[in-house]
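This report goes through one structure in parts. Look at the sequence and the model first, then read on.

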Amino acid sequence: MADSKEGFIPYQSLNFSEVEMKQRAEDFFRFMDKRRSLRVFSDKPVPKEVIETLIRTASTAPSGAHMQPWTFCAVSSAEIKSKIREAAEKEEYENYHGRMSDRWLKDLEPFGTDHIKPFLEIAPWLIIVMKRSYEFVDGEKKNNYYSTESVGLAAGFLLAAIHNAGLVALTHTPSPMNFLAKVLERPENEKPFLLIPVGYPAENAEVPDLTRKPLKEVAVFY
Ligand code: IYR
């Protein structure tokens, strides 16, 4: 056994056999392939304890120098959700009526999106993922490394955890998002990264009939 370096502990390897590995890889693909972004939510409550565990999972994501440069703001307050909806719709109105290019609007057509965002009030939880680009250490700004990549990874983990719990989500990007930092009274080192409504799907919810790019279009082997 290799000598232990100061501050290091043994890695607990999962040690699957190759047969198990293939099966698990295939099973996980089939499971994740069922995940879909939903825009129609039920107002059925989701226990806070579940949201806490989903966030703990998200927070296991790797990050530059293990700075964990994220804060997850979980909102169930009807009052705050209304404020968020109102501000988001104001910005989105501008997006759909001038700020987005004709090509962008055309690319969004199959999804039937517009500036009206009822899910921001109906979904039992809104998780706003905040990126911390720097920390204050002894009153001085200290930049986090790869904060954008890190918080993107944590958001991916969060979406997988939500799906694993049988819940649904939408990766919503109201733009610009600064109103969220204001409504949530966040410190100046935090910038909103994604707004993710989480909940149960509405009854008879429908999703766009999408196909995913096949492996040969998304991977190159050398
Ligand atoms: N932020 C707008 C527009 C929008 C952009 C993308 I990229 C989408 O995949 C869907 C919508 C909105 O949320 O309506």
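A polar contact is a pair of N or O atoms within 3.5 Å. The model discussed here is predicted.

**The ligand**

With that cut-off in mind, consider the ligand. The residues around the ligand include Arg39, Glu92, Tyr96, Met100 and Trp104. Leu108, Asp114, Lys117, His172 and Thr173 are also among the residues around the ligand. The table gives distances for three of these residues.

| Ligand atom | Protein partner | Distance |
|---|---|---|
| oxygen | N or O atom in the side chain of Tyr96 | 2.5 Å |
| oxygen | N or O atom in the side chain of His172 | 3.1 Å |
| nitrogen | polar backbone atom of Thr173 | 3.0 Å |

On its own, the ligand has 370 Å² of accessible area, and the protein covers 70% of that area.

**The nonpolar cores**

In soluble globular proteins, nonpolar side chains tend to be buried together. In this model, the largest nonpolar core has 23 residues. Which of them touch the most other members? They are Phe72, Leu158 and Ile196. At least two residues of this core come from each of α2 (48-58), β1 (70-75), β2 (125-132), α6 (147-164) and β6 (190-199). Helix α6 supplies the largest share, seven residues.

Ile196 shows what such contacts look like. Setting aside neighbours within four places in sequence, Ile196 is in contact with Trp125, Leu126, Ile127 and Val129. Its other contacts are Leu158, Leu159, Ile162, Ala169 and Leu170. There is also a second, separate core of 20 residues, and Ala88, Leu120, Met130 and Leu184 are among its members.

**A buried arginine**

Arg132 is found in strand β2. Is this residue buried or exposed? Arg132 counts as buried because its relative accessible area is 18%, and buried means under 20%. The side chain of Arg132 makes a polar contact with the side chain of Glu190, at 2.6 Å. Not counting residues up to four places away in sequence, Arg132 touches Pro69, Trp70, Thr71, Asn144, Ser147, Asn189 and Glu190.

**A hairpin**

Strand β3 (residues 134-137) and strand β4 (residues 140-143) run antiparallel and are joined by four bridges. Within this pair, Glu135 of β3 stands opposite Lys142 in β4. How many residues lie between β3 and β4 in the hairpin? There are two, and Asp138 in the turn has a positive phi of about 50 degrees.

Terms used:
Residues are numbered from 1 along each chain as its sequence is written. This is a predicted model: local features need pLDDT of at least 70, side-chain atom pairs count only at pLDDT 80 or more; totals for chains, interfaces and linings use all residues. Side-chain values use heavy atoms; hydrogens and water are left out. Two strands pair if DSSP finds at least two bridges between them. A nonpolar core is a set of buried Ala, Val, Leu, Ile, Met, Phe, Trp, Tyr and Cys residues joined through side-chain atoms within 4.5 Å. Buried means under 20% relative accessible area, exposed over 50%, partly exposed in between (1.4 Å probe, protein chains only). Contact means heavy atoms within 4.5 Å. A polar contact is a pair of N or O atoms within 3.5 Å; within protein, one must be able to donate a hydrogen and the other to accept it, and residues adjacent in sequence count only if both atoms are side-chain atoms. A residue is near a molecule or strand if one of its heavy atoms lies within 4 Å of it. Accessible areas come from the Shrake-Rupley method with a 1.4 Å probe; for residues, only the protein chains shown count as cover.
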